[in-house]
Amino acid sequence: MKTQPTPEKHRCSKRVYSGLRHDFGGHMCTRAASVEEESKWWCAMHVPSTVAKRRQEKSEEWERERQQQRATWEAERQREARRDKLEAAAPKVIAALEELISIASDMSDDEIAKMSPGQVAGEITWRDITKARAALADLKGE
Ligand SMILES: [Zn+2]
């Protein structure tokens with residue numbers, strides 16, 4: 001690529017297409033050429049190496065956008081999968097908690113009100129705890 005050294009007048013070598021009916025075959029770019037490349041003269045916009053560079057940059061930008069879109073979809077897919085898992089595990093956790101609470105709640109409100117924070121209420125068994133643990137593990141996705 002070399003820049004025009006003299007004010008010698010060249011026209012751009014690029015054929016452009018307006019898409020208009022009267023311009024069926026396109027027409028030559030009307031801008032003055034300022035750069036010689038591939039043995040032809042070009043205006044700043046149509047220099048082949050510049051056009052190729054622009055095309056490459058555009059293609060890289062699209063690729064970045066595609067990847068970002070893919071990452072967004074993947075994140076959304078994971079959120080939905082997590083929600084589905086939580087939704088499926090919730091009934092078991094609710095049942096286990098209700099079971100634990102019912103075991104501990106065979107007391108009147110009066111009795112409960114008189115309890116101290118560390119006092120044991122009801123008789124929770126190993127089986128109750130195991131059920132609650134399994135349900136909780138499900139909910140946490142373990
Ligand atoms: Zn041109």
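Modeller: Three helices and five strands make up this protein, counting as helices DSSP runs of H or I with at least four residues and as strands E runs of at least two, numbered from the N terminus. The model is predicted: local features need pLDDT of at least 70, side-chain atom pairs count only at pLDDT 80 or more, and totals for chains, interfaces and linings use all residues. Residues are numbered from 1 along each chain as its sequence is written.

Colleague: What makes the protein more spread out than a compact globule?

Modeller: Its radius of gyration is 37 Å, well over the 14 Å that the globule rule gives for 142 residues, so it is more spread out. That radius is taken over C-alpha atoms, and the rule is 2.2 Å times the number of residues to the power 0.38. The C-alpha trace spans about 105 × 35 × 25 Å along its principal axes.

Colleague: Why are α1 and α3 called roughly antiparallel?

Modeller: The axes of α1 (residues 48-104) and α3 cross at roughly 155 degrees. Angles under 35 degrees count as roughly parallel, over 145 as roughly antiparallel, 65 to 115 as roughly perpendicular and the rest as oblique, so α1 and α3 are roughly antiparallel.

Colleague: How do you know that the span of helix α3 agrees with what it should be?

Modeller: The expected span is 1.5 Å times one less than the number of residues. For the 15 residues of α3 (residues 126-140) that should be 21 Å, and its end C-alpha atoms are 21 Å apart, so the two agree. After α3 comes Gly141, with a positive phi near 75 degrees.

Terms used: Axes fitted to C-alpha atoms, helices over the stretch in contact; angles between N-to-C directions.
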